[in-house]
Amino acid sequence: MNYTYCPNCGEKLTTKLCGDEGMVPYCEKCDKVYFNFSQPCVICLIADENNNIALIKQSYVSEKYICVAGFLKQAETAELAAAREVNEETGLDVLSVKYLNSYFYEKNDLLMLGFVCSVKRSDFLLSEEVESAKWFSVDEAYEKLRTGSIGKVLLNDWIGFIR
Ligand SMILES: [Zn+2]
């Protein structure tokens, strides 16, 4: 995200030399610099105690199976956001959350924080945003995720971690 106007007062920003960062968007009225950034969000690999993986389908995102993902709420930690998104979208109870890697998704200028969410396996209670969810073995999940998707890279990184 690139700042053009001050999010605080709405003034058009100029730039200011800011040490090693070079020229940075700057509001003269508020005397405040704003660093351009990629919006953070979470992407979650849902694993049960036997390393089976739950994937979901959301047709407005993709025709293929995908990982649960979502934006952080203000003042929320990434770990809490990961657990909340998994619970909201699948109804599963999250036992623990472990950060794995971050991924830059250029198309939407997102910094995706990749988590593995360990859950207690139970019936799904899907949110209205989710059409279906299903459990897969690691190999099946790898087949279902679209090649080139962040979800597939996250799964691949996790496989490297557990095997
Ligand atoms: Zn301002």
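Leaving aside its neighbours within four places in sequence, with which residues is Leu155 in contact? In this predicted model, the partners of Leu155 beyond that window are Leu45, Ile53, Val138, Ala141, Tyr142 and Leu145.

Leu155 also belongs to the largest nonpolar core, a set of 22 residues in which Leu45, Ile53, Leu55, Met112, Leu155 and Trp158 touch the most other members. The elements that contribute two or more residues to this core are listed below.

| Element | Residues |
|---|---|
| strand S4 | 39-47 |
| strand S5 | 53-57 |
| strand S7 | 94-105 |
| strand S8 | 110-119 |
| helix H2 | 138-144 |
| helix H3 | 150-162 |

Among these elements, H3 supplies the largest share of the core, namely 5 residues. A second core, separate from the one just described, has 19 residues and includes Cys44, Ile56, Val68 and Ala81.

The domain assignment of the protein divides the chain into domain 1, covering 1-36, and domain 2, covering 39-162, and the C-alpha centres of domain 1 and domain 2 are 34 Å apart.

A further element of the fold is an open sheet of 3 strands, arranged in the order S1-S2-S3 with antiparallel pairing. Because strand S1 (14-17) and strand S3 (32-33) each have a single partner strand and stand at the edges, one side of each is left without a neighbour in the sheet. Strand S2, made of residues 23-27, pairs with S3 in the antiparallel sense over 2 bridges, and Cys27 stands opposite Lys32 in S3.

Key. Residues are numbered from 1 along each chain as its sequence is written. This is a predicted model: local features need pLDDT of at least 70, side-chain atom pairs count only at pLDDT 80 or more; totals for chains, interfaces and linings use all residues. Side-chain values use heavy atoms; hydrogens and water are left out. Two strands pair if DSSP finds at least two bridges between them. Helices (H or I, at least four residues) and strands (E, at least two) are DSSP runs, numbered from the N terminus. A nonpolar core is a set of buried Ala, Val, Leu, Ile, Met, Phe, Trp, Tyr and Cys residues joined through side-chain atoms within 4.5 Å. Buried means under 20% relative accessible area, exposed over 50%, partly exposed in between (1.4 Å probe, protein chains only). Contact means heavy atoms within 4.5 Å. Domain bounds come from an automatic or database domain assignment.
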